Amino acid sequence: MNAPAQWVVLFRHGHSEWNLSDRFTGWTDIPLTETGLAEAAAAGRRLAQAGYAFDEVHGSVLQRSRQTAETLLSAMGSPGVPLFTTWRLNERHYGALQGLNKKEIFATWGEAASRRWWRGYVEPPPSLDRNDPRHPRFDPLYDGMNPDDLPASESLRDCQQRMLPYWNDVLVPRLRAGRQLLVVSHGNTLRGLVMYLDGLSAEAMERVEIPSGVPLIYRLTPDLRAAGHAWLDVPASVPT
């Protein structure tokens, strides 16, 4: 696969520590596992082999996004590519579900409501209490931000709505200027972007999955509309 003339690459961070215990991570700042680092390195080598090169990388402020971007760029032989981070590319905030596994969540709120929260588009999970230590206003990552801008829970729609200004106001002008971009983010944040780019309904969006460690290449028209997309195959070279 050769790099198309106008494109953007979307990439979900690699396997993280809480994936091991099936916990909802959200804005909790959890690092990658060795498997996640290997996923990022394998993807970087494959992107270079396929002819991709980046002018900039944009990711979330969470370390699993930054670690993924840095490892991927190093594997491409391009460690000096600028990396910009923003809370707007953070994962969806799971509210009171953060830190819990599915068994614990089902026991507290029931399976039907729980699945509706994490797969649906409109309804957010129960919010964190403002004084809950998991609330992002206590996290030094967000020092200097207006606490009222920090979510205590988000639906997929909420996550999409705080992400899209970054796409439209920051990334689109860079793409229009001919910059080649990599966006390293999270499953739900990228689902919201895919929904927007492909014009999907909320019902269709529920069936979309974004696997970790596999680059998603969007071809773009001259006016930066999606002209099609494809997953870049990455050899299964990560440890088990």
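What follows is a chat about helix packing and the largest pocket in a predicted model.

Colleague: Let's start with α1 and α2. Why are they called oblique to each other?

Modeller: The axes of α1 (residues 34-49) and α2 (residues 63-76) cross at roughly 40°. Angles under 35 degrees count as roughly parallel, and roughly perpendicular runs from 65 to 115. An angle of roughly 40° fits neither class, so α1 and α2 are oblique. Their axes come within 7 Å, and the crossing is right-handed.

Colleague: Which residues make that contact?

Modeller: On the α1 side they include Leu-37, Ala-40, Ala-41 and Gly-44, and on the α2 side they include Thr-68, Leu-72 and Met-76. Sorted by class, the contact has nine nonpolar, four polar and one charged residue.

Colleague: And α5 with α6? What makes that pair roughly perpendicular?

Modeller: Again, look at the angle. Helix α5 (residues 156-176) and α6 have axes that cross at roughly 70°. The roughly perpendicular class covers 65 to 115 degrees, so that is the word for α5 and α6. Their axes come within 9 Å of each other. Among the residues that meet are Met-163 and Trp-167 in α5, and Leu-193 and Tyr-196 in α6. This contact divides into nine nonpolar, five polar and one charged residue.

Colleague: How do you know which word suits α3 and α4?

Modeller: Helix α3 (residues 102-109) packs against α4 at about 120°, with the axes 7 Å apart. That makes α3 oblique to α4, because roughly perpendicular ends at 115 degrees and roughly antiparallel needs over 145. Ile-105, Phe-106 and Trp-109 are among the α3 residues involved, and Trp-117 and Trp-118 are among those from α4. By class, there are six nonpolar, one polar and three charged residues in this contact.

Colleague: Now the largest pocket. How much space lies in it?

Modeller: About 550 Å³. It is lined by 24 residues, and the closest to its centre are Arg-12, Phe-24, Glu-91, Tyr-94 and Asn-188.

Colleague: What makes Arg-12 and Glu-91 count as lining residues?

Modeller: A lining residue has an atom within 4 Å of a pocket point. Arg-12 and Glu-91 are both on the list of lining residues, so each has an atom inside that cut-off.

Colleague: Which elements give two or more residues to the lining?

Modeller: Those are α4 (111-119) and α6 (187-198). The largest share, three residues, comes from α6. By class, the lining has five nonpolar, ten polar and nine charged residues.

Definitions and conventions. Residues are numbered from 1 along each chain as its sequence is written. This is a predicted model: local features need pLDDT of at least 70, side-chain atom pairs count only at pLDDT 80 or more; totals for chains, interfaces and linings use all residues. Side-chain values use heavy atoms; hydrogens and water are left out. On a 1 Å grid over the protein atoms alone, a cavity is a set of points where a 1.4 Å probe fits but cannot get out, and a pocket is an open set with protein on both sides within 12 Å along at least five of seven lines; lining residues have an atom within 4 Å of a point. Grid points are joined across faces, edges and corners, and a volume is the space filled by probe spheres set on the points. Helices (H or I, at least four residues) and strands (E, at least two) are DSSP runs, numbered from the N terminus. Ala, Val, Leu, Ile, Met, Phe, Trp, Tyr, Cys and Pro count as nonpolar, Asp, Glu, Lys and Arg as charged, and the others, Gly among them, as polar. Axes are lines fitted to C-alpha atoms, for helices over the stretch in contact, and angles run from 0 to 180 degrees between N-to-C directions. A crossing is left-handed if the near helix is turned anticlockwise from the far one by less than a right angle, and right-handed if clockwise. Contact means heavy atoms within 4.5 Å.
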